[in-house]
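I set down here what I looked up in this structure, entry by entry. The entries are kept brief for a reader who comes to it for the first time.

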Amino acid sequence: MVKLTIDGKEVKVPAGTTILAAAKSAGISIPTLCFHGRLDPIGSCRMCVVEIEGCAHPMAACTTPVVEGISVTTNSERLQRIRKDSLKLILVNHPLDCPICDKGGECLLQDLVYEFGIDRVEYQTPKPERSSQYATPLIRYWPDRCIMCLRCVTACREIKGIGAIDIKGAGYGSQVVVIDEDKCQSCGECLQVCPTGALTENLSRYKGRPWLVKRVPTTCTYCGCGCQLELNVEQNRVMAVTTKEGKGVNRGSLCVKGRFGYEFINSEERLTKPLIKKDGEFREASWDDALSLVAEKFKSIKEESGPDAIAGLSSARCTNEENYLFQKFMRAVIGTNNVDHCARL
Ligand code: FES
């Protein structure tokens, strides 16, 4: 264990721990922007700078490991000035278009700018030409809002192991670009980690502000992994799907189906009543009529050809309990072991 002092408080942490993590373990909060709990430290924003006794220059707490006996200060006039200046420089790359940004109300940059009391974009430079082309049509890239924190690029590479996007160029003119469109799985991991509105979802634009939607926690029904997600509901309609960082077996990640496959829920084309085919045409029927017809047909097939003339296919989208009941029904009521599952089809 390594012993150090943070803001006068003695802290003991395992060797290799960063100053940021050590401070957190002691209940001391340091502002961050590019740091993300699931990614290796990026160290691009300098919001987390701290002073270490004996060091001439402030160090980034998210990338600096603890050393035995050091004394760290996380809050001082000098540090606040450096953090404020860093934010002002970040704002060179970011318009204050919060009223029309989908991320308004849940944007880390917006929160920090508010906290540090910055009321205007102080430094102005000519805007570099940047392309808004992105790896998937499900996500919109707003190059003028991108603060080059590199979270998206790092998440695509480290969490998903894909590497479909990267940074092109250097300095002020650099931007996120697609390096391999075919590799992109449209999972939205980049969108999930973006701390600003530089990446927004194309499906849910202008459909609901974060503070107006109700977030209903639920389990994804697309496969058996049991990923945890939140349905963003407004006026009884699902507007988007979000996750909480670190929550559930998926730890906040989703695949393309879990994140973007929700429009069917409120689709006008969705069947809400059973249909019975009569004279070659489907007609709406009551559940009682539909279930009676199915029971009748099962009975007559069983009488004519035996129970093994019937087979049942269940689904990965059902719960374990539903699948258990289904196979029980096939075996105990119909009398056949012909039960299979859509995942094998
Ligand atoms: S949070 Fe440490 S440099 Fe960005």
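**Notebook entries**

I began with Thr243 and found that a polar atom of its side chain lies 2.7 Å from the backbone oxygen of Gly252. I note at the outset that the model is a predicted one.

*Entry on Thr243.* I placed Thr243 in the loop that runs between β12 (237–242) and α6 (256–260). Its relative accessibility is 10%, so I recorded Thr243 as buried, the limit for that word being under 20%. I then looked for a side-chain partner and found Gln192, whose side chain makes a polar contact with that of Thr243 at 2.9 Å. Setting aside neighbours within four places in sequence, I listed the contacts of Thr243 as Gln192, Gln228, Leu229, Glu230, Asn250, Gly252, Leu254 and Arg259.

*Entry on aromatic rings.* I searched the whole structure for aromatic pairs and obtained two. I looked into the pair formed by Tyr222 and Phe264: the ring centres are 6.5 Å apart and the planes stand at 75 degrees, so I entered the pair as edge-to-face. Tyr222 belongs to the loop between β10 (214–219) and β11 (228–234), and Phe264 to the loop between α6 and β13 (275–278); the pair therefore ties together parts that are 42 residues apart in sequence. Phe264 has a relative accessibility of 43%, and I therefore count Phe264 as partly exposed.

*Entry on Trp142.* Which residues lie over the face of Trp142? I found Arg140 there, at 3.8 Å from the ring centre. I also found Arg145 over the face of Trp142, at 3.8 Å from the ring centre.

*Entry on Asp102.* I located Asp102 in the loop between α2 (77–90) and α3 (108–115). With 18% relative accessibility, Asp102 counts as buried. I compared its position with that of Glu201: the two are 99 residues apart in sequence, yet 8.5 Å apart in space from C-alpha to C-alpha.

*Entry on the nonpolar cores.* I turned to the largest nonpolar core, which has 31 residues, and noted Tyr134, Ile165, Val176 and Leu199 as those with the most contacts inside it. Two or more residues of this core come from each of β6 (139–141), α4 (151–158), β8 (175–178), α5 (189–193), β11 and β12. For Val176, neighbours within four places in sequence left aside, I listed contacts with Tyr134, Tyr141, Cys146, Met148, Cys152, Val153, Ile165, Asp166 and Ile167. Apart from this core I found another, of 21 residues, including Ile19, Leu20, Ala22 and Ala61.

Methods:
Residues numbered from 1 in each chain as written. Predicted model: local features only at pLDDT ≥ 70, side-chain atom pairs only at ≥ 80, totals over all residues. Heavy atoms only, no water. Helix = DSSP H or I, 4+ residues; strand = E, 2+ residues; numbered from the N terminus. Buried < 20%, exposed > 50% of the residue type's maximum accessible area, 1.4 Å probe, protein only. Polar contact = N/O pair within 3.5 Å; in protein donor to acceptor, adjacent residues only side chain to side chain. Contact = heavy atoms within 4.5 Å. Phe/Tyr/Trp six-rings, centres within 6.5 Å; stacked < 30°, edge-to-face > 60°. Lys NZ or Arg CZ within 6 Å of the ring centre and 35° of its normal. Core = buried A, V, L, I, M, F, W, Y, C linked by side-chain atoms within 4.5 Å.
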